[in-house]
Amino acid sequence: MPIIVESNSGSAELFTSVTGSSSRVVDNLDELKKTLSATPDEFAIVLGPGVDLEAAASLADMLRVTRPSTSVILIRRRVDTSVLAEALRSGMREVVEERDLTGLGAAVGRAKQVWTALNGPGQTESNGPVGQLITVFSPKGGVGKTTLAVNLGIALADKGSKSVCVVDLDLGFGDIAITLQLIPARTMADAVHFESGLDFSVLEPLLTPHGSGISALVAPVQPDAKDSIPAVLVGRILSMLKANFDFVVVDTAPTFDEFVLSAFDETDELLLVTTLDVPTLKNVKIAVETLDLLNFPKSRRHLVLNRADDKVGLSAEEVESTLAMKIEVAIPTSSQVANATNSGEPITSALPKHPVSQAVTRLAQSFEQKAEETPASAPKSRAAAPKRGLLRRNSR
């Protein structure tokens with residue numbers, strides 16, 4: 001991750017919100033030189049507005065000879081021709097105004113591209129085990145899909161013992177941010193600006209942390225922003241998150257759109273959510289038939305019956321008979337679920353002993369156990385993992 005030279009803690013925190021929480025911050029150039037001696041693979045150095053221009057130019061002039069693949073990014077309160085001329089002479093790659101955080105993020109992304117081009121992708125890609133991606137899907141809105149995704153993510157995090165990212169893939173009308181009461185600085189739409197050089201060091205600053213310990217990649221604020229997001233980028237993002245989190249929980253739109261299909265390509269476990277009403281049951285049955293056509297493995301489908309104790313004339317047995325699936329978990333009805341969400345603390349955090357929380361926790365534990373039972377040789381690096389492609393699945 002980039003090294004930021006900035007003595008003002010407030011400014012440093014603002015810069016790391018863009019460059020990533022794991023960015024290192026040092027107070028001055030002397031500390032930077034000590035840090036650089038221990039980090040031969042650093043791809044970017046960000047010099048804050050408090051760094052003297054002449055000293056910054058001297059450093060850049062030295063690094064362009066000793067470490068030509070490391071980019072120096074200069075931040076100034078005001079950028080004029082004299083600053084640009086000095087930056088050009090000394091070999092700095094970027095000059096950004098202090099208030100232009102989007103520009104800073106883009107500069108860091110280009111710096112990573114330069115490093116990768118000069119050193120090869122093997123220097124920067126993670127080759128660790130792949131985490132589990134759980135997709136929560138229903139072809140009918142209003143069944144509690146988002147609430148389940150959020151609470152499942154919190155249950156999987158297990159008070160911080162597991163790294164979990166919740167992704168809002170309902171790019172037009174996603175509710176993950178409002179359900180978690182987050183005010184995100186970045187959303188999925190910001191990934192488009194870094195598409196050509198996207199890796200986890202660029203993706204991480206787009207995530208928003210939540211007090212429960214999970215991270216969230218939220219949907220764009222403007223519904224029409226989804227039109228600028230290519231489905232192939234969504235697939236790359238999910239693949240990258242799997243390589244860096246123990247669990248990734250994906251909330252989806254209630255339709256088989258191109259984004260949902262991209263998610264299915266990365267999905268290890270699929271939760272189909274239904275309720276005890278005929279319209280939802282009809283739509284879920286069609287979804288099951290569609291999954292059959294897509295050859296999505298039945299062994300990785302799990303049926304969740306939400307509001308399972310509603311007295312509406314349908315029984316759990318009739319649901320199982322209609323869908324030809326066993327109900328994996330039945331979640332009871334409770335007004336406290338909405339009360340907890342409205343108060344800003346999802347029910348698994350607010351009331352861990354509540355029947356709804358216990359049902360979600362059992363589901364989380366089943367996935368944790370399944371992950372632990374996976375043979376050690378099974379995880380692969382993302383570079384080696386084959387892409388299936390739902391529209392290219394072999395028929396059975």
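Is Arg-64 buried, exposed or partly exposed? Arg-64 is partly exposed, at a relative accessible area of 41%. The notes below start from the domains and then return to this residue. The model is a predicted one.

1. **Domains.** The domain assignment splits the protein chain in two. Domain 1 covers 2–119, and domain 2 covers 132–373. Their C-alpha centres are 38 Å apart.

2. **Domain interface.** On the domain 1 side, 14 residues are in contact with domain 2. On the domain 2 side, the count is nine residues. The size of an interface is often given as the accessible area lost when the parts come together. Here about 880 Å² is buried between domain 1 and domain 2. Carbon and sulfur atoms give 51% of that area.

3. **Polar links across the interface.** One salt bridge is found between domain 1 and domain 2. Lys-112 and Asp-199 form a salt bridge through their side chains, with an N to O distance of 2.6 Å. Two residue pairs are in polar contact between the domains, both at pLDDT 80 or more. Two elements of domain 1 give two or more residues to the side that touches domain 2: helix 1 (9–19) and helix 5 (101–119). Helix 5 gives the most, with seven residues. By type, this side of domain 1 has four nonpolar residues, nine polar and one charged.

4. **Salt bridges overall.** Over the whole structure, the search finds 13 salt bridges. Three of the pairs, beyond the one already named, are taken up in the points that follow.

5. **Asp-61 and Arg-64.** This salt bridge has its closest N and O atoms 2.9 Å apart. Both residues sit in helix 3 (residues 53–66), three residues apart. That spacing means about one helical turn separates Asp-61 from Arg-64. Asp-61 is partly exposed, with a relative accessible area of 35%. Arg-64 is partly exposed too, at 41%.

6. **Lys-242 and Glu-266.** Here the closest N and O atoms of the salt bridge are 3.9 Å apart. Lys-242 lies in helix 9 (residues 231–242), and Glu-266 lies in helix 10 (residues 258–266), so the pair ties together parts 24 residues apart in sequence. Are Lys-242 and Glu-266 buried or exposed? Both are buried. For Lys-242 the relative accessible area is 5%, which is under the 20% cut-off for buried. A backbone link accompanies the salt bridge: a polar atom of the Lys-242 side chain lies 3.0 Å from the backbone oxygen of Glu-266.

7. **Glu-269 and Lys-370.** What is the N to O distance where the side chains of Glu-269 and Lys-370 meet? The distance is 3.0 Å, in a salt bridge. The pair links distant parts of the chain, 101 residues apart. Glu-269 belongs to strand 11 (residues 269–274), and Lys-370 to helix 15 (residues 355–373). The two partners differ in burial. Glu-269 counts as buried, at 5% relative accessibility, whereas Lys-370 is partly exposed, with a relative accessible area of 37%.

8. **A salt-bridge network.** Lys-242 and Glu-266 also belong to a wider arrangement. Salt bridges with shared partners join Lys-242, Glu-266 and Asp-268 into one network. Within this network, Lys-242 is placed in helix 9.

Definitions and conventions
Residues numbered from 1 in each chain as written. Predicted model: local features only at pLDDT ≥ 70, side-chain atom pairs only at ≥ 80, totals over all residues. Heavy atoms only, no water. Domains from an automatic or database assignment. Contact = heavy atoms within 4.5 Å. Buried area = accessible area lost by both parts, 1.4 Å probe. Salt bridge = Lys/Arg side-chain N within 4 Å of Asp/Glu carboxyl O. Polar contact = N/O pair within 3.5 Å; in protein donor to acceptor, adjacent residues only side chain to side chain. Helix = DSSP H or I, 4+ residues; strand = E, 2+ residues; numbered from the N terminus. Nonpolar A, V, L, I, M, F, W, Y, C, P; charged D, E, K, R; others polar. Buried < 20%, exposed > 50% of the residue type's maximum accessible area, 1.4 Å probe, protein only.
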